[in-house]
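Please find below a colleague's note on the structure under discussion. It is set out as numbered points.

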Amino acid sequence: MLTFIHTSDWHIGRKLGHIERYQDHEVFLDWLLKQMEASSPDALLVSGDIFDSSNPPIPAMRMFIEFVVKAATLCPNIILTAGNHDSPGRLDTLRPVFDILGVHVVGSVSDPPSRMLLPLTKKSGETIGHVLAMPYIRPMDLPPPNPGEDVRNTTLHMISAFQQRYIEPFTGPGKETLNDLPLIIMGHLFISGGDTTDESERPIQLEAGSIVGLPASIFPPHADYIALGHLHRPQMIKGTVPIAYCGSPFPLTFSEANYTHRILKVTLDDSSSRPAIESVPVPRNTELYNITGDMNTVCNLLNRMTKSHPPASSSKAYARVTVSLEKPVSNLKEQIIELTEGSNLIILSVRRSENAADSLAQMSDSYVRLDELTPEQVFITKYRETYNSEPALQLVQAFRELLGEVLIEMDSPNQRDET
Ligand SMILES: [Mn+2]
């Protein structure tokens, strides 16, 4: 039997507006340690986006390292991979020290990829399974298309390149079972059909370049569990193997406020049966509220909520208020904020409801959301529209190189904080 905890998308160092979330992270990580203590899992898998930025602030680094040092005493296998928010190189610098603790951190993709296949061992040293620990894979980690390849099939090319490079080495003939032990695949990627939250992953998907939508069928049927990160809403993806997004541990933005955040405790029996997946809700330290309605409704709600968040209560709550108005109201923000004065409920934003996106959608039948397209698809579509022809392969390749450079540039701390 093999048991493990699957979590991802911690985003340590993330702020909500100007509000720091260190306390929320500390409470979560302490709770996670207690979970590990109570259930003694064989492994802890963290599928990317450990930090919110590629250059994490000192308190974020300290909190993370302190957690890992404590966790290493509670669990024989800890595997942490980089997400698109993490700096692969910076995470890899921790390797020599983490190795001593017996903790695996995988920042960048390995060449050959076989180095990403890690054994799971009991304290006695006995191997009980394997984890293919894939960090976030950038378009530049994939081989370019062959000369003459039809660029309209870029997405298809990317999918097959991804499969050839990162999946097939572990699934070829004779490797189906890796000694009949369970195989778990970790990834930080977007499976087409996955349900996104409004704001949290949107910029990230665009960054993911051409590999935004991998099909669920990319995973080999003999894998036992696919431990994914990237989408902040927990969900299972339909496929021949169990594919799970565990989601972020608590609401990082207001768009993540309305569902239960969790970690997953997975048990794989030695037999070939499907894993038992237990979803364990994470207690919230800070409550986030989305308050919407007309002026009357909003005022009533806030009056009521203010009473349940008296100033003496220990935990703060934050609200985003959206008011639908028939006509403009002057000093709307001041009026709303005044209602919660003297309470522990803090209004972080007040906005008028807008239906601009809806009306735009109605204007055109062929309306496609920008976040459903890869940067390359946007480029090719724009080219077609402007020149009424297909872009030359060299041009697309030049675009890809530029995009790669821009993505590296975006990893620089100053600009990262804006996403
Ligand atoms: Mn994330």
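The points that follow concern a predicted model and take up its helices and then its strands.

1. Length of helix α2. Helix α2 covers residues 58-71, which is 14 residues. At 1.5 Å a residue the expected span is 20 Å, and the C-alpha atoms at the two ends are 20 Å apart, so expectation and model agree.

2. Buried and exposed sides of α2. The buried residues of α2 are Ala60, Met63, Phe64, Phe67, Val68 and Ala71. Viewed down the axis of α2, the buried residues fall within an arc of 130°, and therefore they line one face of the helix. On the face turned away from that buried side, α2 carries Ile58 and Glu66, which are exposed.

3. Surroundings of the buried face. Which elements do the buried residues of α2 pack against? Two are helices, α1 (22-39) and α4 (95-101), and the others are the strands β4 (43-47), β5 (77-81) and β6 (103-106).

4. Packing of α1 on α2. Two packed helices are described by the angle between their axes and the distance between the axes. For α1 and α2 the angle is about 5° and the axes are 11 Å apart. Angles under 35 degrees count as roughly parallel, so α1 and α2 are roughly parallel to each other. From α1, the residues Tyr22, His25, Glu26, Leu29, Leu33 and Met36 take part in the contact; from α2, the residues are Pro59, Met63, Phe67, Lys70 and Ala71. Met63, Phe67 and Ala71 also belong to the buried set of α2.

5. Strands β1, β13 and β14. Strands of a sheet pair through backbone hydrogen bonds, either parallel or antiparallel. Strand β1 (residues 2-7) is antiparallel to strand β13 (residues 262-268), with 5 bridges between them. Within this pairing, isoleucine 5 is opposite lysine 265 of β13. Strand β13 also pairs with β14 (residues 276-281), again antiparallel, through 6 bridges. Here arginine 262 has proline 281 in β14 as its bridge partner.

6. The open sheet. How many strands form the open sheet, and in what order? There are 6 strands, in the order β7-β8-β9-β10-β12-β11, and their pairing is mixed. The edges are formed by β7 (117-121) and β11 (235-237), each of which pairs on one side only. On average, neighbouring strands of this sheet are turned by 25° against each other, with direction ignored.

7. The β11 edge. Edge strand β11 pairs with β12 (residues 243-245) in the antiparallel sense, over 3 bridges. In this pairing, isoleucine 237 has isoleucine 243 of β12 as its bridge partner.

Terms used: Residues numbered from 1 in each chain as written. Predicted model: local features only at pLDDT ≥ 70, side-chain atom pairs only at ≥ 80, totals over all residues. Helix = DSSP H or I, 4+ residues; strand = E, 2+ residues; numbered from the N terminus. Expected span 1.5 Å × (residues − 1). Buried ≥ 20, exposed ≤ 12 C-beta atoms within 10 Å, placed from the backbone. Arc of directions from axis to C-beta. Contact = placed C-beta atoms within 7 Å. Pairing = 2+ DSSP bridges. Axes fitted to C-alpha atoms, helices over the stretch in contact; angles between N-to-C directions. Parallel < 35°, antiparallel > 145°, perpendicular 65-115°, else oblique.
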